[in-house]
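Please open the model in your viewer and keep the sequence panel beside it, since each stop on this tour begins with a selection. The tour moves from one pair of helices to the next, then to the sheet, and ends in the loops.

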Amino acid sequence: MKNKTPEELARTMDFTYLDNTATKEDMVVFCQIAKEWNMYSVMVSPCYVKQAHELLKDSEVKVGTVIGFPLGTNDKRVKALEAKIAVEDGADEIDMVMNIPAFMNEDYDIIREEIAAVREAIGDKVLKVIIETNLLNEKQVTKISQIINKTDADFVKTNTGFTGTNTFNEMITYLQLIKTAANKKQMKASGGIKDEKTCLRYLAAGATRLGTSSGNVILEEYKNLLDNKAYKPKKIML
């Protein structure tokens with residue numbers, strides 16, 4: 001895979017800030033960082049969708065939010081309403097946690113029905129379904145990917161990051177399984193992405209989007225590496 005420029009890598013990133021202690025002032029700084037790097041999107045809590053939409057309205061950066069987050073146990077009617085309100089508030093993309101207990105109980109129709117309900121609620125906005133690969137084995141990852149492949153979702157997303165993460169090798173394996181089983185969908189890798197090597201390997205494995213709260217740090221370090229400059233990692237400005 002050809003090395004990406006920092007600018008190209010930024011356009012694969014859903015820059016994420018879902019801390020429940022985040023303030024309005026934090027959001028201003030966060031969205032400014034996303035604009036400066038021209039990241040693909042920001043991923044914010046539902047309560048900050050309106051503010052993020054306003055802050056980013058004159059940029060190319062899209063606004064995403066999470067639904068049924070982080071456990072996925074909400075009824076489909078709640079998820080659909082939550083998603084509808086988010087879109088009305090300015091969300092371009094919806095990352096929905098699937099009903100994990102339903103999947104574990106093999107109640108697969110519940111998964112299909114909630115995806116259909118959210119799709120109906122959001123129209124043509126982008127819909128990503130979070131499957132929490134860290135809770136699943138290879139057979140289960142394949143099964144849920146096959147189910148999602150036959151729905152109107154746009155992406156299979158790996159993790160929320162709130163219930164744990166996969167090792168690097170596990171994630172590579174799961175991305176390969178998802179790519180085969182959900183060959184009509186795009187993939188978003190997320191959970192524990194902290195450096196440019198991980199980003200580039202996940203993209204090479206087939207991911208088209210990366211969810212990370214460390215986007216600016218990764219991009220700054222990557223840019224400096226390409227420029228052959230000595231650098232010190234900087235903390236996120238929040």
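Bear in mind from the outset that this is a predicted model. As a first selection, take residues 108–122, which form helix α6, together with residues 138–149, which form helix α7; the two helices pack at an angle of about 40°, and their axes lie 10 Å apart. Are they parallel or oblique to each other? Angles under 35 degrees would count as roughly parallel, and α6 and α7 are therefore oblique. If you turn the view so that one helix lies in front of the other, you can follow how α6 passes α7 in a right-handed crossing.

Now show the side chains where these two helices meet. On the α6 side the contact is made by Tyr108, Ile111, Arg112 and Ile115, and on the α7 side by Lys143, Ile144, Ile147 and Ile148. Sorted by class, this contact of α6 with α7 holds six nonpolar and two charged residues, with no polar ones.

For the next stop, select residues 168–181 for helix α8 and residues 196–204 for helix α9, which pack at an angle of about 20° with their axes 10 Å apart. That angle makes α8 roughly parallel to α9, and the crossing in which α8 passes α9 is right-handed. With side chains displayed, you will find Phe168, Met171, Ile172 and Leu175 of α8 meeting Thr198, Arg201 and Tyr202 of α9. The residues of this contact of α8 with α9 are divided into five nonpolar, one polar and one charged.

Next, hide the side chains and colour the strands. Eight strands close into a barrel, in the order β1-β2-β3-β4-β5-β6-β7-β8, and their pairing is parallel. Within this sheet, neighbouring strands are turned by 25° against each other on average, if direction is ignored.

To look at one pair of strands in detail, select residues 126–130 for β5 and residues 155–157 for β6; these strands run parallel and are joined by three bridges. Which residue of β6 is the bridge partner of Val129? The partner is Val156. From here, add helix α10, residues 215–226, which packs on the sheet and touches β1 (13–17) and β8 (209–212), its direction making about 130° with that of β1.

Two places in the loops deserve a selection of their own. Between β3 (62–67) and α4 (76–89) runs a loop that contains Pro70, and the peptide bond leading from Phe69 to Pro70 is cis, with omega near 0°. Then move to the loop between α2 (24–37) and β2 (41–44), where Asn38 is found; although Asn38 is not a glycine, its phi is positive, at about 55°.

Finally, zoom out until the whole chain is in view. The protein has 10 helices and eight strands, and its C-alpha atoms fill a box of roughly 55 × 35 × 30 Å along the principal axes. A compact globule of 238 residues would have a radius of gyration near 18 Å, and the 17 Å of this protein agrees with that value.

Methods: Residues are numbered from 1 along each chain as its sequence is written. This is a predicted model: local features need pLDDT of at least 70, side-chain atom pairs count only at pLDDT 80 or more; totals for chains, interfaces and linings use all residues. Side-chain values use heavy atoms; hydrogens and water are left out. Two strands pair if DSSP finds at least two bridges between them. Helices (H or I, at least four residues) and strands (E, at least two) are DSSP runs, numbered from the N terminus. Axes are lines fitted to C-alpha atoms, for helices over the stretch in contact, and angles run from 0 to 180 degrees between N-to-C directions. Contact means heavy atoms within 4.5 Å. Angles under 35 degrees count as roughly parallel, over 145 as roughly antiparallel, 65 to 115 as roughly perpendicular and the rest as oblique. A crossing is left-handed if the near helix is turned anticlockwise from the far one by less than a right angle, and right-handed if clockwise. Ala, Val, Leu, Ile, Met, Phe, Trp, Tyr, Cys and Pro count as nonpolar, Asp, Glu, Lys and Arg as charged, and the others, Gly among them, as polar. The radius of gyration is taken over C-alpha atoms; the globule rule is 2.2 Å times the number of residues to the power 0.38.
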